[in-house]
Amino acid sequence: MALKCRQFFLMATGVMGILVAAPCLGEESERADESWWSLQPLRDSITVPHIEEIPNSGWARNEIDHFILKKLVAKDLHPSPPASARALIRRLYVDLVGLPPTPETVRAYEKNPSDTAYAELVDELLASPHYGERWARHWLDVVRFGESDGFERNRPRNHAWPYRDWAINAFNADMPYDEFAQKQIAGDLTHPGAEGSAAAGFLVAGVHNTVVGSSEEMKRLARQDELEEIAGAIGQTFLGLTINCARCHDHKYDPISTTEYYQFISAIDGVSHGNRDVLVEDRAKELAVLDQQIKKLQESLHSIDRATREAVLQWRKTQRPTGKPKTLPTALRTWTFDKNYTDASGSLQGAPSGTPRLEGGALYLDGKSFVKTGPLSKELRTKSLVATVVLSNLDQRGGGVVTIADTDAFDSLVFGEQEPRRWLAGSNNFKRTESFQAPEENLAHTKPVQLALTYAGDGTITGYRNGQVYGKPYQKELHSFKARESYLLFGLRHEPPGDNRFLSGQLLEVHLFDRVLSAAEVAALAGVETEYVSEEQLVAYLDPKEKEHRDALRKEIETAQEQRKKAADGQKRKIYTVDPRQPGVMRVHVRGSVKDYGAEVPPGGIHAVPGASPDFALAKNASDRERRIKLADWISSPNNPLLSRVMVNRVWHYHFGRGFVPTPSDLGFNGGQPSHPGLLEWLSLQFREGGFRIKDLHRKILLSATYRQASRKRANAFEQDSDNRWLWRNSPRRVEAEVLRDSILSVAGKLDLKLGGQGFKDWEMKEEGTAFYFPIDKEDNAFNRRTIYRVNPRGDRSALLDNFDCPDPSAAAPTRSVTTTPLQALSLMNNAFLIRMAGHFAIRIEEEVGHDPDAQIRRAWELALCRAPDAEEVQLSRRLRNTQGLVALCRALWNSNEWVFIE
């Protein structure tokens, strides 16, 4: 018989057992299906409640308040009055930057607490570099970021900190949240270098077992544990779903099957932990100077070459008539690569990627670069692709000369992919690819060769080489490339770039026809003498003085490029991030066993998540690049409603102490129903339509009357809604451990506001088979940075931080525990750090106001609590200062509830 209303589960955590209460399951349903509220698409529009006829309707300041007020009235409640100016500004500072305002800032706002002044204050704090530090700290809780491996050895990760800095910078830059998510899943693939590698540190931010048994079974089990940990982090962070609960059986509460779980981990099977040497930008100015120098030298060289090339071409026309045919077929688009990447009509621009270059009427491709055009304006089914090319070598395999592609398919002129030294009509999953049964190519590396592919309406695909039919045509079902969704690639078989898809050589001309060329037309095109001028021809045309000047320019360019290479090599830094491996073919593990396997599964997503298709259309042996980019695209799709709902709920949680759903990383069945479903949906829609800008979401919330309410307890309302689920006030909240420590340093005048870089270690490590971390407590300015820069290994204990519920990073902490214990009061009174900082606090007061007792008392209260003391507080403070000293008064203020809580 199933338990109704509430079930309890015993979860083992180390040597302790913790009872966790699941939410009310209800009388009729014990699990969610695909009709669960969070698994529905976002509605196209949400109607904001009309409240004109509701009492207190004038209280509302924006749409958020309409939703809140309607719910309050339905629950026979009413909102609280606005918070005082002093309470509101302190709340705002702590929420956005995690630091207290100065007394001068408080006084200025109290004199002008207008809506305009408040909105300006919100914008000022959102623009502060300390905003990123505050909100990245929240994010590090969510993503289980720690700076040691955990498990038995627990070795430190000395190069994990770039991920922390990346998160801070991303929040400060207001990076769109869809991009924010995408980079953390596949940034090392889509953005090679320091930024992308640092972002992908998310995947390996969790624990990592470095002590694996020698047997194959134990290795496989450890690998599955590792994949489950990463899958759990991705699913809970970005989707609000506990996907990892389906490892051994179909999810007990959410519509996620075991098969889907193994499809999901197949998408991350190329992820492993490690340090990588990547380029950073510490010496960006030096590189910029060298780049500018190289650019100017190359412009001078290209100017000489362009003039010489034009002279050679003119000589050809006057001295060596070519017998060109009078009429040639008119192409839809033509590229000659004379001056830029735009087609001859000037209407379709190409965008280079990597380091291609234009020189002498040719596009030079180095085997790791390509050009992508803008979208084609016309739908194409029948077509012809014509290109003139010189290959760098005949041993390359799979590079694309010219490709037409959209999101679903591609057709490409490819060299040597399935057959060495032969041309073929490449296509997605080889759907339109067969051997032309033609002879090997043996001249394209020594002189230009013109290739053509024609795609007829009956599916016949014909190849041509230098105007002659290449091998044998064949028939396939053609693909229609839609207008405004298709584009061309030069030098790349298909996106994403990587593996063997790049071409190495020179591309001289490209023609795209929106029809099938006849054999005669192809021959006519091949009969046109190319306007390509080789290096040897160009140099031969120069007189000795011109040749000497050109050679000098080339030597200067080579010298500058060598200097740049040395400068770039000096920019390498180690980053703890994804160390990619070759993923294997994934099979379902029956009941999670590493010995009993079911069917093979391809990489994929979860069908219950609406939006982008969970079918990644990848081969079961696809590369890590293909898998993770597909996964990132699927999760970050604007049509994925969980992407918006989860982040909106998180931000609300941090501003109010509780989300619409009280479990920010679980919006599945165990998370329950949202308290304000209409408001959550409206905010999620606004978030998506506004370009996923987190700072805009902050503004909507912070400018609302709901946020600006006082926190005073009202007996009747508290009796009816003690946990403030319906938001009849802004609940008072205890500050987090890091805010407490940072605020102490700030008020004491000792806070070092240096941004980013390697963190500080207020511990020492001893290694005796495993790593042990022992706290260090001493006067050291290096320790006075914000707590987010504290190197935070797993299992390390800091008395002050621990006592105020700072979580150990061994697991994610989307919500923090808030306890009240005697140790907290003892820490604030007797902790050596507090005593030392109280001394600095007292010195600061004396330096600012001198030795007048009343002036010292007033300044101490203003700095610590953002207000002046009343008469009784002055009397008590004077007695304490006169009997125990100013340091004792400073310690006493830090022990007050008013210091530890924000109203």
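The secondary structure of the chain comprises 27 helices and 25 strands. The model is predicted. Of the 903 residues of the chain, 54% count as buried. The C-alpha atoms occupy a box of roughly 110 × 75 × 70 Å along the principal axes. Contacts often span long stretches of sequence. Among contacts between residues at least 6 apart in sequence, 70% join residues at least 24 apart.

Nonpolar side chains were examined next. In soluble globular proteins, such side chains tend to be buried together. The largest nonpolar core of this model holds 171 residues. Within this core, Trp139, Tyr177, Ile234, Leu631, Trp652, Phe841 and Trp894 touch the most other members. A second core of 40 residues lies apart from the largest core. Its members include Leu348, Leu451, Phe481 and Leu503. Phe841 shows how distant stretches of sequence meet. Leaving out residues up to four places away in sequence, Phe841 touches Val747, Ala748, Ala860, Leu863, Ala864, Cys890 and Trp894.

One of these partners, Val747, belongs to helix 20, which covers residues 737–747. This helix is mostly covered, with 10 of its 11 residues buried. The buried set is not purely nonpolar. It includes Glu738, Arg741, Asp742 and Ser743. Ala737, Val739, Leu740, Ile744, Leu745 and Val747 are buried as well. After helix 20 comes Gly749, which has a positive phi near 75°.

Six strands form an open sheet. Strands of a sheet pair through backbone hydrogen bonds, either parallel or antiparallel. Here the pairing is antiparallel, and the strand order is 5-8-17-10-11-12. Strand 5 (350–353) and strand 12 (423–427) are the edge strands, and each pairs on one side only. On average, neighbouring strands of the sheet are turned by 15° against each other, direction ignored. Strand 5 and strand 8 (residues 370–373) run antiparallel and are joined by four bridges. In one of these, Ala351 has Lys372 in strand 8 as its bridge partner. Lys372 also lies over the face of Tyr487, 4.3 Å from the ring centre. A similar arrangement occurs elsewhere in the chain. Lys713 lies over the face of Phe718, at 4.0 Å from the ring centre.

Aromatic rings form a further layer of contacts. The count comes to 32 aromatic pairs. In one pair, the ring centres of Phe337 and Phe490 are 5.6 Å apart and the planes stand at 90°, so the pair is edge-to-face. This pair links distant parts of the chain, with the two positions 153 residues apart in sequence numbering. Phe337 lies in the loop between strand 4 (333–335) and strand 5, whereas Phe490 lies in strand 17 (residues 487–490). Buried means under 20% relative accessible area. Phe337 has a relative accessible area of 2%, so Phe337 is buried. Phe490 has 0% relative accessibility and therefore counts as buried.

Another pair joins Phe370 and Phe502, with 6.3 Å from centre to centre and 40° between the planes. This pair is tilted. Again, distant parts of the chain are linked: Phe370 is in strand 8, and Phe502 is in the loop between strand 17 and strand 18 (504–513). The two residues are 132 residues apart. Both Phe370 and Phe502 are buried.

Ring pairs also build a cluster. Its members are Tyr131, Trp139, Phe145, Tyr163, Trp166, Phe171, Tyr177, Phe180, Phe202, Phe238, Phe687 and Phe692. Two of these, Trp139 and Tyr177, also appear in the list of core residues that touch the most other members.

Two local features complete the description. Ser128 lies in the loop between helix 4 (115–126) and helix 5 (129–142). Its relative accessible area is 14%, so Ser128 is buried. Leaving aside neighbours within four places in sequence, Ser128 is in contact with Val97 and Asn172.

The other feature is a hairpin formed by strand 23 and strand 24, with three residues between them. Strand 23 covers residues 763–767 and strand 24 covers residues 771–775. The two strands run antiparallel and are joined by five bridges. Glu764 has Phe774 in strand 24 as its bridge partner. In the turn, Gly769 has a positive phi of about 85°.

How values were computed. Residues numbered from 1 in each chain as written. Predicted model: local features only at pLDDT ≥ 70, side-chain atom pairs only at ≥ 80, totals over all residues. Heavy atoms only, no water. Core = buried A, V, L, I, M, F, W, Y, C linked by side-chain atoms within 4.5 Å. Buried < 20%, exposed > 50% of the residue type's maximum accessible area, 1.4 Å probe, protein only. Contact = heavy atoms within 4.5 Å. Pairing = 2+ DSSP bridges. Axes fitted to C-alpha atoms, helices over the stretch in contact; angles between N-to-C directions. Phe/Tyr/Trp six-rings, centres within 6.5 Å; stacked < 30°, edge-to-face > 60°. Lys NZ or Arg CZ within 6 Å of the ring centre and 35° of its normal.
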